[in-house]
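Subject: Structure for you to look at, with notes

Dear colleague,

I am passing on the structure we spoke about, and my notes on it follow below. Please read them with the model open beside you.

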Amino acid sequence: MTRKNVSPLAWVPTAYFAMGLPFIMLNLVAPIMFNDFGISDAQVAFWTSLLILPWSLKPFWSPLLEMYRTKKFFVVATQLLSGVSLALVAMALPLPNFFPYVVAVMAILAFSGSTHDIALDGLYIHELTPTQQAQYIGWQGAFYNIAKVTAMGGLVYLAGTLEEHVGVLYAWMIIMAASGLLLVVLGLYHLRMLPSGGAATVQAAHDLRGTMRETWEVFRLFFRKRYIWIYIALIVFYRFAEGLVIKIVPLFLKSPLADQGLALTKSQIGLYYGTFGVAAFVIGSILGGYFISWRGLRKALFPLCCIFNVPFAVYALLAWLQPTNPVLVCAAIVFEYFSYGFGFVGLTLFIMQQVAPGKHQMAHYAFGSALANLGVMLPGMISGVISDAVGYRAFFLWSLLATIPAFILTWVVPFSHDPEKEAQEAAAGDATAE
C-alpha cells in the first residue's frame, strides 16, 4: 500500500501538531520558564524573539530541500532532532549559569523546527489538491494551535503542579524531557504514515557553484512574481499585532495586580488555555477552513483578518479592568483563542495559493511563511522594552494600532491565481493529452 492511499486525516493533524510544538516551546513556554528562574522580562523577550529568527531565515536553505532526498525524509529527521534537542534542554537546566547553554541548544531546536516547517508545508502542497488544501487547512491550523494550547495549557499547568512537589528546576526538567519524548514518538509514527511528498523537484547540483546557481534562481523567480511586494507587505503586517502581544500576555497574566497584571498562577493559566481554550482553538480553526471553502479565499480574507486581529482588544480590557472573576478572564482568553484559530488559516491559505504557486512551490511557500514569522519576530524583540516603559495598559492599547495596516492591505490586495480554475484547466489538459 502506498502512502497515497492513507487519508490526510491520518497525518495532517499529527504532523502539524509536531510542527507547532517546537515553535510554541520557544516562543511561549520558554519565556515562562526563564521568568521562573529569575531572568528579566527584557532579556526574556529579546532572546526568545531572537530564537525564532530561523523561521524568518528559512528562504536561505529552503531551496536545498528541493534538491535532495524526499520531503518525508526531512520531516521525520527534524522531528527526531527536535525531540533530542528538548531532552538536551532538560539536561542543561541544572548546570551553573545555565542560561547561555539552554539558549544555544534552543538555537539548534529552532533550526530543526524551521527546517521541518519547510518540508511539511511542501509535502502538504504536493500531496493535496487545491480543494483538499482548503478543506484540510482548518485541520492544519487547528492542530498547529492545539500544540500551542497543549504547551501553554497542559504543560504549563503541569509545570505549576509539579513545582509544588519537586520544585521549579525538576518541574521544568520533566516538562522539557516529556516534550522531547513526544516529538520522538511522533517522528516514529510519521516514518510509517507520511506520504513521500515526491522526490527532489530540482536536480541536485554536483558542486558549490551549481548549488548556488540553483538557489539564486529560486530567489529570482520569487521576486518576479506578480504583486509580490504588496503580498510581502500583507504577510508581514497580518500578524504584526500578534507579534507585539504574544510574548507579553503570559507575563501580564502572571504579574501582580499592583503592576497592572492579573496575578494568575501558572496552574490557572494552564487550566484556562488547556481546557476551554483547546476546544475554542479546534472549533475556530476548523470553522475557519470551512468558511474559506464556502466563501472562497478572495471574499473571506478581509473578514478573517478582522476576526484574527480585533480580539486582541480583550487584553487591553483585562489590563484596564483587572477583573478578579476567573470566569470573565477565562472567557476573554477563550474568545481570543477562538478568533485566533479562525483567522489564522486565512494567511496560511493565502501564502499557499497566491504566493507559493509555480515551479518552486515548496521553497516559495517557505519564503512566505518566513516573512509571516518575521512579522511576529521583529515586534516581539521590542515588545518587552515597550511594555516595561509604558506599562501593560498602554502597551495593549498601542498594540491595537498595529492592526491597521493589516486591515488596509487585506481590503485592497489583488489576487493573481484562481486555484480551482487552474486545477480544472490542468485536468482538462491532462485529459486532452490522454
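Let me begin with Phe396, which, when residues up to four places away in sequence are not counted, touches Val245, Ile248, Val249, Phe252, Tyr315, Ala316 and Ala319. Please keep in mind throughout that this is a predicted model.

Phe396 also appears in the description of the largest nonpolar core, which has 143 residues and in which Phe34, Val102, Met106, Trp172, Met176, Phe350 and Phe396 are those with the most contacts. The element that gives the most to this core is helix H7, spanning residues 130-193, with 20 residues.

Phe34, another of the residues with the most contacts inside that core, is placed in helix H1, residues 12-36, and counts as buried at 1% relative accessibility. Once its neighbours within four places in sequence are left aside, Phe34 is in contact with Ile39, Val44, Thr48, Phe98, Phe99, Val102 and Met106, and two of these partners, Val102 and Met106, are themselves among the residues with the most contacts in the core. As for its position relative to a residue much further along, the C-alpha atoms of Phe34 and Thr324 are separated by 26 Å, with the two positions 290 residues apart along the chain.

A polar residue that deserves a look is Ser85, which belongs to helix H5, residues 71-92, and is buried, with a relative accessible area of 2%. A polar atom of the Ser85 side chain lies 2.9 Å from the backbone oxygen of Leu81, while the contacts of Ser85 beyond its neighbours within four places in sequence are with Val105, Ile108 and Leu109.

Turning to the aromatic residues, the structure holds 28 aromatic pairs. One of them is formed by Phe308 and Phe312, an edge-to-face pair at 5.9 Å centre to centre, with 85 degrees between the planes, and both Phe308 and Phe312 are buried. Tyr340 and Phe344 form a stacked pair, with 5.6 Å centre to centre and 15 degrees between the planes; these two residues are also buried. Because Tyr340 and Phe344 are 4 residues apart in helix H16, residues 326-355, they are separated by about one helical turn. Both pairs belong to one aromatic cluster, formed by Tyr144, Tyr238, Phe308, Phe312, Tyr340 and Phe344.

Two tryptophan rings have an arginine placed over them: Arg295 lies over the face of Trp294, at 5.6 Å from the ring centre, and the charged end of Arg393 sits over the ring of Trp320, 5.5 Å from its centre.

Finally, which residues of helix H18, residues 404-412, are buried? They are Ala406, Leu409 and Thr410, and because they cover an arc of only 95 degrees around the axis, they are on the same side of H18. The face turned away from that buried side carries Ile408 and Trp411, which are exposed. What covers the buried residues of H18 includes helix H9 (228-238) and helix H14 (297-309).

With best regards

Key
Residues numbered from 1 in each chain as written. Predicted model: local features only at pLDDT ≥ 70, side-chain atom pairs only at ≥ 80, totals over all residues. Heavy atoms only, no water. Buried < 20%, exposed > 50% of the residue type's maximum accessible area, 1.4 Å probe, protein only. Helix = DSSP H or I, 4+ residues; strand = E, 2+ residues; numbered from the N terminus. Arc of directions from axis to C-beta. Contact = heavy atoms within 4.5 Å. Polar contact = N/O pair within 3.5 Å; in protein donor to acceptor, adjacent residues only side chain to side chain. Core = buried A, V, L, I, M, F, W, Y, C linked by side-chain atoms within 4.5 Å. Phe/Tyr/Trp six-rings, centres within 6.5 Å; stacked < 30°, edge-to-face > 60°. Lys NZ or Arg CZ within 6 Å of the ring centre and 35° of its normal.
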